[in-house]
Amino acid sequence: MTEDPLERLDREANEKKNSGLKKTMHLMIALVVALAALLAYIWISKALLVRDLNSEKEDLTAQIVTLQSDYDALSTENIQISSQLDSSREEVAQLVERIKKTDATNRAKMRQYEKELGTLRTIMKSYILQIDSLNTLNQKLTADAVAARREAAESRRANEELSQRVENLSGQVAAGAVVKARGIRIEAYGANDRPTDRSSRVVRMLTTLSLVENDLAPKGPMRVYIRVKDPDGILLTNGTQVSFSFQDSMMSASASREVDYEGKEIDMSIYLNDIPSYSKGIYTVEVYTRQALLGTAEVLLR
């Protein structure tokens with residue numbers, strides 16, 4: 001029986017349509033499978049990454065906690081270093097709290113904490129070097145300090161005897177006309193114009209004092225002299241060295257300054273510059289006018 005041409009065309013069209021649908025279905029299934037595989041890969045990769053990041057965070061946290069213990073173990077009697085240590089300990093404690101509160105996936109913060117950890121480690125090494133250096137220096141200076149204190153005590157006794165002789169002078173001295181001073185202090189300064197106790201950094205010495213009020217004292221210009229002695233008792237002088245008469249004798253001074261004294265209390269300071277170098281030990285300053293020894297002060301350079 002011969003197939004009707006129209007029926008044959010319909011049959012072929014249906015076969016092609018069914019074949020196209022099958023291909024489309026197979027393609028969609030393949031896409032679904034590929035997408036599922038991709039999502040599984042992304043999920044697994046993310047899980048592994050989060051695990052690695054959490055592991056890195058735990059390791060970084062452990063390093064910071066260890067550093068915190070190392071800081072707590074450091075101690076020194078040096079007030080300045082001790083104060084700096086307290087500040088650094090606070091920074092480490094804050095870093096511990098911050099990393100605990102930060103998600104491990106925040107990689108920017110983790111890198112920042114790593115940098116801060118490195119900086120704090122470097123600072124701690126500096127503290128260790130300073131403390132070791134101070135301990136070594138203190139051992140060396142112990143004997144010298146005892147001798148220096150003994151010499152200072154003898155100097156104070158000599159000053160007291162000298163002050164007693166001055167108080168016994170006749171005339172205006174006996175009447176209390178001699179100007180006196182209080183708050184005598186000597187400090188060492190570095191090139192940055194900040195106080196320092198490191199001998200290698202000192203570029204100048206500064207002596208400060210107050211001439212006390214004395215209505216009986218002569219009014220007008222008054223020159224104050226300082227004599228700064230190094231740890232060996234040698235007078236420090238520079239190109240501007242001056243001399244002055246004291247109790248019928250000529251004395252050399254390290255530096256001097258003239259002020260206008262009108263009987264009222266006046267604060268003043270005297271710099272000693274251009275000294276080539278400073279050694280470690282106790283430096284002493286003696287402050288004079290032509291009429292009196294006003295007093296002494298000391299500073300220790302390490």
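From the N terminus on, the elements of this chain run α-α-α-β-β-β-β-β-β-β-β-β, which gives three helices and nine strands; here helices (H or I, at least four residues) and strands (E, at least two) are DSSP runs, numbered from the N terminus. The model is a predicted one, in which local features need pLDDT of at least 70 and side-chain atom pairs count only at pLDDT 80 or more, while totals for chains, interfaces and linings use all residues. Residues are numbered from 1 along each chain as its sequence is written, and side-chain values use heavy atoms, with hydrogens and water left out.

## The chain as a whole

Buried residues make up 31% of the 302 residues in the chain, where buried means under 20% relative accessible area, exposed means over 50%, and partly exposed lies in between (1.4 Å probe, protein chains only). The accessible surface of the chain comes to about 19400 Å², and 52% of this surface belongs to carbon and sulfur atoms; such areas come from the Shrake-Rupley method with a 1.4 Å probe, and for residues only the protein chains shown count as cover. Among contacts (heavy atoms within 4.5 Å) between residues at least 6 apart in sequence, 68% join residues at least 24 apart.

## Two sheets

Strands of a sheet pair through backbone hydrogen bonds, either parallel or antiparallel. In this description two strands pair if DSSP finds at least two bridges between them.

One open sheet has four strands in the order β6-β3-β8-β9, with antiparallel pairing. Its edge strands are β6 (255-261) and β9 (293-301), each of which pairs on one side only. From one strand to the next the twist averages 20 degrees, with axes taken as lines fitted to C-alpha atoms (for helices over the stretch in contact) and angles running from 0 to 180 degrees between N-to-C directions. Within this sheet, eight bridges join β8 (residues 281-288) to β9, and these two strands run antiparallel; Tyr283 stands opposite Val299 in β9.

Another open sheet has three strands in the order β1-β2-β7, also with antiparallel pairing. Here β1 and β7 are the edge strands, each pairing on one side only, and the twist averages 15 degrees from one strand to the next. Seven bridges join β2 to β7, which run antiparallel, and the bridge partner of Leu206 in β7 is Tyr271.

The loop between β1 (181-189) and β2 (204-211) holds Arg201. Although Arg201 and Ala188 are 13 residues apart along the chain, their C-alpha atoms are separated by 8.9 Å. Leaving aside neighbours within four places in sequence, Arg201 is in contact with Tyr189, Gly190, Ala191 and Thr196.

## Nonpolar cores

A nonpolar core is a set of buried Ala, Val, Leu, Ile, Met, Phe, Trp, Tyr and Cys residues joined through side-chain atoms within 4.5 Å. The largest has 32 residues, of which Met205, Leu209, Leu211, Tyr278, Val287 and Leu294 touch the most other members. The elements that give two or more residues to this core are β1, β2, β3 (220-229), β6, β7 (266-272), β8 and β9. Not counting residues up to four places away in sequence, Leu209 touches Ala181, Arg182, Gly183, Ile184, Ile266, Asp267, Met268, Val287 and Leu294. A second, separate core of 19 residues includes Leu67, Leu74, Leu85 and Met124.

## Aromatic pairs

A search of the whole structure finds five aromatic pairs. Rings of Phe, Tyr and Trp (its six-membered ring) pair if their centres lie within 6.5 Å, and planes under 30 degrees apart count as stacked, over 60 as edge-to-face and the rest as tilted. Two of these pairs are set out below.

| Pair | Distance between centres | Angle between planes | Type |
|---|---|---|---|
| Tyr71 and Tyr127 | 6.3 Å | 80 degrees | edge-to-face |
| Phe244 and Tyr288 | 5.6 Å | 50 degrees | tilted |

The Tyr71 and Tyr127 pair links distant parts of the chain, with Tyr71 in helix α1 (residues 5-73) and Tyr127 in helix α3, 56 residues apart. Tyr71 counts as buried because its relative accessibility is 0%. Tyr127, whose helix α3 covers residues 107-167, is also buried, with a relative accessible area of 7%. Not counting residues up to four places away in sequence, Tyr127 touches Tyr71, Leu74, Ile81, Gln84, Leu85 and Ser88.

The pair of Phe244, in strand β4 (residues 242-246), and Tyr288, in strand β8, likewise links distant parts of the chain, 44 residues apart. Phe244 counts as buried at 1% relative accessibility, and Tyr288 counts as buried at 6%. Ring pairs link Tyr225, Phe244, Phe246 and Tyr288 into a cluster.
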